[in-house]
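Welcome, and please take a moment with the structure shown here. Let's walk through how its parts pack together.

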Amino acid sequence: MNNQRLAILLMVGQGVLFAAETAVIHHLGSGVSLILLALIRAVAGLGLAFLLARGVGLTVLRTRQLPLQLLRGATGALYLWVMIYSFGHMPFADATAISYTQAAYIAVFSVLILGEPVTRLHWIGASVGFIGALLIAKPAFAGWHGAYLVALLGAGLNGLGFVLNRYLQEEDTAATTMFYANLVPVIVNIPALMLTGMPSVSSMNLWVPAIFFLGPVGMYLGIIAVKHADTATLGPYTLLRMIIGVIGGVIIFRELPDIFSTCGATFILAGCALSSSTTGRRGEPVKRLPLTCQLGR
């Protein structure tokens, strides 16, 4: 199995896990604090990082890229807060559609940070995939206001975190990146939870194991995936969870997709195919641009 195929399979696995995690969060409803869920997810992520690094112990903390590792963790924490705000101040379909502009951000950051060659097919694949996401989400984009700009910022943060996963692994292990990606959210969400108050978790008891497993393992699969293929190639594959959600609706709830959702799924698959058909420097080291110097390394 070549590196790109392995990376694609890992992205498919991530899509399945993230779609399942979204379904669990939707099941819990608005009565459960998303900050609490984020904290639980991040704590589980730290535990998984230590489990993966059990042979080396605390050396998983060692890094020569600490500012960048903290930046990666901060993008994840800030993205969550931006997502909470945007979904709370925008129609759900609009917020969902904007969140999937991350594929375009991934392509941009792949050039600026990694020095990857982003071809015309990469851009076409990202664009076609985004059109597919629009067809599934069916946003109205009525009454444009400041929350839409915040949502676009959040998508950019998510794309930046995805690309930094690749950049950081040129020197650090996946377990180290996993550790710091979850350490910062733990540190910032504990005070946030104290300010908002501790909600009742009785309704979460049966679902806590799912939250512990789905999100952290999905994150780790994404971290591993970007080590085996160009991030611009994998960008459209972040949209797969929408297709998986549609399939889940058919299997679990017997909800047949309409013509727009069917066309949208087809577009997303076409975008993935176009992006992965590009020949690139798969598996080769990235061009480490002077990003760490700019952050005072």
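This report covers the nonpolar cores, two helix pairs and one unusual backbone angle in what is a predicted model.

## Nonpolar cores

Start with the largest nonpolar core, which holds 58 residues. Within this core, the residues with the most contacts are Ile113, Leu234, Tyr237, Met242 and Ile268. Helix H2, spanning residues 34-52, gives the most to the core, with nine residues. Apart from the largest core lies another one, made of six residues, including Met90, Ala95, Ile98 and Ala147.

Met242 is a good place to zoom in. Leaving aside residues up to four places away in sequence, Met242 touches Thr96, Tyr100, Ala133, Ile136, Ala137 and Ile268.

## Helices H3 and H7

Next, have a look at helix H3 (residues 66-89) and helix H7 (residues 146-168), whose axes come within 8 Å and cross at roughly 155°. Because of that angle, H3 is roughly antiparallel to H7. The crossing of H3 with H7 is left-handed.

On the H3 side, the contact is made by Leu68, Gln69, Leu71, Arg72, Thr75, Leu78, Tyr79, Val82, Tyr85, Ser86 and His89. H7 contributes Ala147, Val150, Ala151, Gly154, Leu157, Asn158, Leu160, Gly161, Leu164, Asn165, Tyr167 and Leu168. Sorted by class, the residues of the contact between H3 and H7 are 14 nonpolar, eight polar and one charged. Ala147, one of the H7 residues in this contact, also belongs to the core of six residues.

## Helices H11 and H12

Now turn to helix H11 (residues 240-253) and helix H12 (residues 259-276). Their axes come within 9 Å and cross at roughly 145°, and H11 passes H12 in a left-handed crossing.

Which residues of H11 and H12 meet? From H11 come Leu240, Met242 and Ile243, and from H12 come Ala265, Ile268, Leu269 and Cys272. This contact of H11 with H12 counts seven nonpolar residues, with no polar and no charged ones. Met242 and Ile268 appear here, and both are among the residues with the most contacts inside the largest core.

## A positive phi at Lys138

Finally, one backbone detail deserves a look. Most residues other than glycine have a negative phi. Lys138 is not a glycine, yet has a positive phi of about 55°.

Where does Lys138 sit? Its place is in the loop between helix H6 (120-137) and H7. Lys138 counts as partly exposed because its relative accessibility is 37%, between the limits of 20% for buried and 50% for exposed.

Definitions and conventions
Residues are numbered from 1 along each chain as its sequence is written. This is a predicted model: local features need pLDDT of at least 70, side-chain atom pairs count only at pLDDT 80 or more; totals for chains, interfaces and linings use all residues. Side-chain values use heavy atoms; hydrogens and water are left out. A nonpolar core is a set of buried Ala, Val, Leu, Ile, Met, Phe, Trp, Tyr and Cys residues joined through side-chain atoms within 4.5 Å. Buried means under 20% relative accessible area, exposed over 50%, partly exposed in between (1.4 Å probe, protein chains only). Helices (H or I, at least four residues) and strands (E, at least two) are DSSP runs, numbered from the N terminus. Contact means heavy atoms within 4.5 Å. Axes are lines fitted to C-alpha atoms, for helices over the stretch in contact, and angles run from 0 to 180 degrees between N-to-C directions. Angles under 35 degrees count as roughly parallel, over 145 as roughly antiparallel, 65 to 115 as roughly perpendicular and the rest as oblique. A crossing is left-handed if the near helix is turned anticlockwise from the far one by less than a right angle, and right-handed if clockwise. Ala, Val, Leu, Ile, Met, Phe, Trp, Tyr, Cys and Pro count as nonpolar, Asp, Glu, Lys and Arg as charged, and the others, Gly among them, as polar.
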